[in-house]
Amino acid sequence: MKSIDTRLLQVFNEIYTQKSVSSAALALGLPQPAVSIALSKLREHFGNPLFVRTTKGMVPTPLGSELIEPVRTALNA
């Protein structure tokens with residue numbers, strides 16, 4: 001598997017935590033379009049939507065849920 005930029009992992013973690021692309025952008029101090037682009041790159045990398053928009057916010061797909069612990073471990077390393 002290709003390596004992935006840790007900044008993309010930070011975006012993944014923040015979307016998972018905030019359940020919102022806009023809120024993740026605010027928390028990361030990035031413009032919302034930058035976070036949307038990062039999410040697109042993550043989706044392409046993993047071949048999965050990772051999050052789906054619902055009335056309760058951005059909900060992780062099964063793969064998104066499976067990835068959160070390894071992502072957090074990598075960010076803490």
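**Exercise 1. Find where helix 4 kinks, and compare its span with the expected one.**

Solution. A kink of about 35° lies at Ile 68 in helix 4, shortly before the proline Pro 70. The bend is the angle between axes fitted to the seven residues ending at a residue and the seven starting there. Helices here are DSSP runs of H or I with at least four residues, and strands are runs of E with at least two, numbered from the N terminus. The model is predicted: local features need pLDDT of at least 70, side-chain atom pairs count only at pLDDT 80 or more, and totals for chains, interfaces and linings use all residues. Residues are numbered from 1 along each chain, and side-chain values use heavy atoms, without hydrogens and water.

Next, the span. Helix 4 has 15 residues and reaches 23 Å from first C-alpha to last. That is close to the expected 21 Å, where the expected span is 1.5 Å times one less than the number of residues.

**Exercise 2. List the buried residues of helix 4 and name what covers them.**

Solution. Buried means under 20% relative accessible area, exposed over 50%, partly exposed in between (1.4 Å probe, protein chains only). Gly 64, Leu 67, Ile 68 and Val 71 are buried. Their cover includes helix 1, helix 3 and strand 2 (57–60).

**Exercise 3. Decide whether Leu 8 is buried or exposed, then find its contacts.**

Solution. Leu 8 sits in helix 1. Its relative accessibility is 16%, so Leu 8 counts as buried. Contact means heavy atoms within 4.5 Å. Leaving aside neighbours within four places in sequence, Leu 8 contacts Ala 38, Lys 41 and Leu 42.
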